[in-house]
Amino acid sequence: APAGHQKGGNAMKPLSSSGQKRMLLRRLIVYGIAIFFIGVLQCSFFSRLSPFGATPDLILCTVCAIALLDSKKSAAICSIAAGYFIDALGATSPSFSALFYLVAATVAIIIGEKLIPRLLSFLILMLPLLALRGIGTYFNIWIAIRRLPPPSVFLSIILPELISTLVLCIPIYFLIKLCMLPIGARNKFSF
């Protein structure tokens with residue numbers, strides 16, 4: 001009986017891991033489609049429209065929402081993929097978007113573990129990520145102009161970027177919440 005029990009136990013492992021692989025593949029497909037459309041929206045539509053005078057970082061909002069609503073693995077994988085995608089769409093070199101979004105996902109995961117996955121928690125979680133975005137934008141400007149940017153850059157570029165990102169992150173949260181439906185992920189808490 002113990003030998004048969006072991007055999008049955010081993011048969012369950014591949015089934016369980018194949019179920020996990022299917023779930024991971026489903027997540028990658030759904031989030032990949034969302035990141036594609038959000039990235040195109042950020043790099044084409046909002047780069048021309050520039051609400052509040054700057055392009056919002058919708059990918060940062062996406063990474064934050066995934067980190068709060070889904071797993072650590074999903075957030076990490078999506079952050080790296082989104083970073084490479086944004087760089088491919090139109091970043092000026094050198095660009096470290098994949099690294100930036102991975103750091104942002106890590107911060108969101110660490111802080112988000114203590115938060116209930118709701119809109120208010122998402123907005124609270126966006127605050128340190130916006131500070132990180134501001135620092136990242138400052139360093140990108142510094143690298144681009146090859147000298148320390150003047151303080152006026154904060155008011156003319158960084159602050160409008162942060163405001164537009166904060167305002168437009170709300171629809172992104174609900175979009176990622178909708179993405180959870182086809183994935184089949186269930187949280188303990190609702191909106």
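Helices (H or I, at least four residues) and strands (E, at least two) are DSSP runs, numbered from the N terminus. The model on display is predicted: local features need pLDDT of at least 70, side-chain atom pairs count only at pLDDT 80 or more, and totals for chains, interfaces and linings use all residues. Residues are numbered from 1 along each chain as its sequence is written, and side-chain values use heavy atoms, with hydrogens and water left out.

**The whole chain**

Begin with the protein chain in a cartoon view. The protein chain holds 6 helices and 0 strands, in the order α-α-α-α-α-α along the sequence. Of its 191 residues, 38% are buried; here buried means under 20% relative accessible area, exposed over 50%, and partly exposed in between (1.4 Å probe, protein chains only).

**The loop between α1 and α2**

Select S50, which lies in the loop between α1 and α2. S50 is not a glycine, yet its phi is positive, at about 45 degrees. S50 counts as partly exposed because its relative accessible area is 24%. Next select F52, found in the loop between α1 and α2. F52 has a positive phi of about 60 degrees, although F52 is not a glycine either.

**A nonpolar patch**

Keep F52 selected and add F154, L155, L159, I163 and V167: these residues make a nonpolar surface patch of about 550 Å². Patches are made of residues with over 30% relative accessible area and no salt bridge, with like charges joined within 9 Å and nonpolar side chains (Val, Leu, Ile, Met, Phe, Trp, Tyr) within 5 Å. A salt bridge is a side-chain nitrogen of Lys or Arg within 4 Å of a carboxyl oxygen of Asp or Glu. Accessible areas come from the Shrake-Rupley method with a 1.4 Å probe, and for residues only the protein chains shown count as cover. V167 belongs to helix α6 (residues 152-183), and V167 is partly exposed, with a relative accessible area of 42%.

**Aromatic rings**

The structure holds 9 aromatic pairs. Rings of Phe, Tyr and Trp (its six-membered ring) pair if their centres lie within 6.5 Å; planes under 30 degrees apart count as stacked, over 60 as edge-to-face and the rest as tilted.

Why is the pair of F36 and F37 edge-to-face? The ring centres of F36 and F37 are 5.3 Å apart and the planes stand at 75 degrees, so the pair is edge-to-face. F36 is partly exposed at 40% relative accessible area, whereas F37 counts as exposed at 54% relative accessibility. Now add F85, which forms a tilted pair with F36, at 5.6 Å centre to centre and 45 degrees between the planes. This pair links distant parts of the chain, with F36 in helix α1 (residues 2-49) and F85 in helix α3 (residues 72-90), 49 residues apart. Ring pairs thus link F36, F37 and F85 into a cluster.

**Cysteines**

How many disulfides does a search of the whole structure find? The search finds 0 disulfides, a disulfide being a pair of cysteine sulfur atoms within 2.5 Å. Select C169: the nearest cysteine sulfur, that of C61, is 4.7 Å away. C169 is buried, with a relative accessible area of 0%. For C179, the nearest cysteine sulfur is that of C78, 9.5 Å away, and C179 is buried at 9% relative accessible area.

**Final stop**

Select S71, in the loop between α2 (58-69) and α3. S71 is partly exposed, with a relative accessible area of 28%. The C-alpha atoms of S71 and I109 are 8.5 Å apart, and the two residues are separated by 38 residues along the chain.
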